[in-house]
Amino acid sequence: MYLEHFGLKQLPFALTPNTGFMWKDGGHREALNVMMVALRSGEGFVKIVGEVGTGKSLLCRALLNQLGDDFVTAYIPDPFLTPLGVRLAVAEELGLKPKPDAKGHLLMKAITRRLLSLRGAGKRVVIVVDEAQALPMESLEALRLLTNIETETTKLLQVVLLGQPELDELLNRKELRQLKQRIAFSHRLTPVDPLGLKAYVGHRLRAAGRNAPGLFEPTALVELHRATGGVPRLVNILCHKALMLAYGRGENRVSRAHVRLAANDTEGTRRTWLQSLGTLRGRRA
């Protein structure tokens, strides 16, 4: 594609959550620090909330990679689970082989024995739930009950919930007040500001093998933030399209015009939203 033209070794703005491209500044670094402090201090629940496209899945992978050998992780990427489904998923992630028709109390006994065994071996167990806002209320309660498994001095299980702002709305329900009280650490991911966006774009270009600065003109970066609001996923999409446009025209730098064209062609940007609003107003008139 455009790799050789711009002196790149790999695509810098792919949407796949590759931790090699993680920008460890600003909100993501703070969120990762919050999770590591909470888990090493033995707290029961940790919550990370962020809007769509702010990098929760990438952060989740970074956490799983950073936890050392003293941690055993149970990763649940699909939250559309019943309470029994949650227990089965946790059991499987912990190395157990439960039968699909396993009874609830027998499954809890097996999980408890496994947790005690892991604690005896000096291991800490962490359940990481991505897209946690989609968990049914009964399944969240099942997670809380799992964290009741403890010794006299320590909890045998910790839970990290990563989700969209709807997760906060769910946790505000009266039925989940016990779980909410157990969230000792939380953090909210926010879009990057204009200075942060410049650093973010530069970081991803360097990670992809670009050594020379200035690939994106200053006005292009201004337009990029205006169109995306600093949401990393939208930034990645527009940067990739703008690079394709510049390459197609045989140009060596990304200009404001390239970014504008990319924004006009991308759903969810501020430019397309304003265009849609203008069209709607025109029809009403």
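1. Secondary structure. In this predicted model, the protein chain is built from 13 helices and five strands. Two of the helices return below: α10, which covers residues 218-228, and α12, which covers residues 256-264.

2. Extent and burial. Taken along the principal axes, the box filled by the C-alpha atoms is roughly 65 × 50 × 35 Å. The chain has 285 residues, and 46% of them count as buried. The surface that the chain exposes comes to about 14,600 Å², with carbon and sulfur atoms supplying 51% of that area.

3. Contacts along the chain. Among contacts with a separation of 6 or more, 75% are between residues 24 or more positions apart.

4. Charge. The chain carries 41 positive and 27 negative side chains. The centres of these two sets lie 2 Å apart. Side chains of opposite charge can pair when their charged atoms come close. The structure holds 10 salt bridges, and some of them are described in the next points.

5. Arg173 and Glu175. The side chains of these two residues form a salt bridge, with 3.9 Å from N to O. Are the partners buried or exposed? Glu175 is partly exposed, at a relative accessible area of 47%. Arg173 is also partly exposed, at 40% relative accessibility.

6. Glu223 and Arg226. A salt bridge joins these side chains, with an N to O distance of 3.4 Å. Both residues belong to helix α10, and because they are three residues apart there, about one helical turn separates them. Their surroundings can be read from the accessible areas. Glu223 has a relative accessible area of 0% and is therefore buried, the limit being under 20%. Arg226, at 43%, is partly exposed.

7. Glu223 and Arg260. Glu223 also meets the side chain of Arg260 in a salt bridge, at 3.5 Å from N to O. This pair links distant parts of the chain, since Arg260 sits in helix α12 and Glu223 in helix α10, 37 residues apart. Arg260 is partly exposed, with a relative accessible area of 35%.

8. The network. Which residues are linked with Glu223 in a network of salt bridges? They are Arg226, Arg256 and Arg260. For a reader checking the structure, Glu223 is a convenient place to begin: its side chain meets that of Arg226 and that of Arg260, and the residue itself is buried.

Terms used: Residues are numbered from 1 along each chain as its sequence is written. This is a predicted model: local features need pLDDT of at least 70, side-chain atom pairs count only at pLDDT 80 or more; totals for chains, interfaces and linings use all residues. Side-chain values use heavy atoms; hydrogens and water are left out. A salt bridge is a side-chain nitrogen of Lys or Arg within 4 Å of a carboxyl oxygen of Asp or Glu. Buried means under 20% relative accessible area, exposed over 50%, partly exposed in between (1.4 Å probe, protein chains only). Helices (H or I, at least four residues) and strands (E, at least two) are DSSP runs, numbered from the N terminus. Contact means heavy atoms within 4.5 Å. Accessible areas come from the Shrake-Rupley method with a 1.4 Å probe; for residues, only the protein chains shown count as cover. Lys and Arg count as positive and Asp and Glu as negative; His and the chain ends are not counted. The place of a charge is taken as NZ of Lys, CZ of Arg, CG of Asp or CD of Glu.
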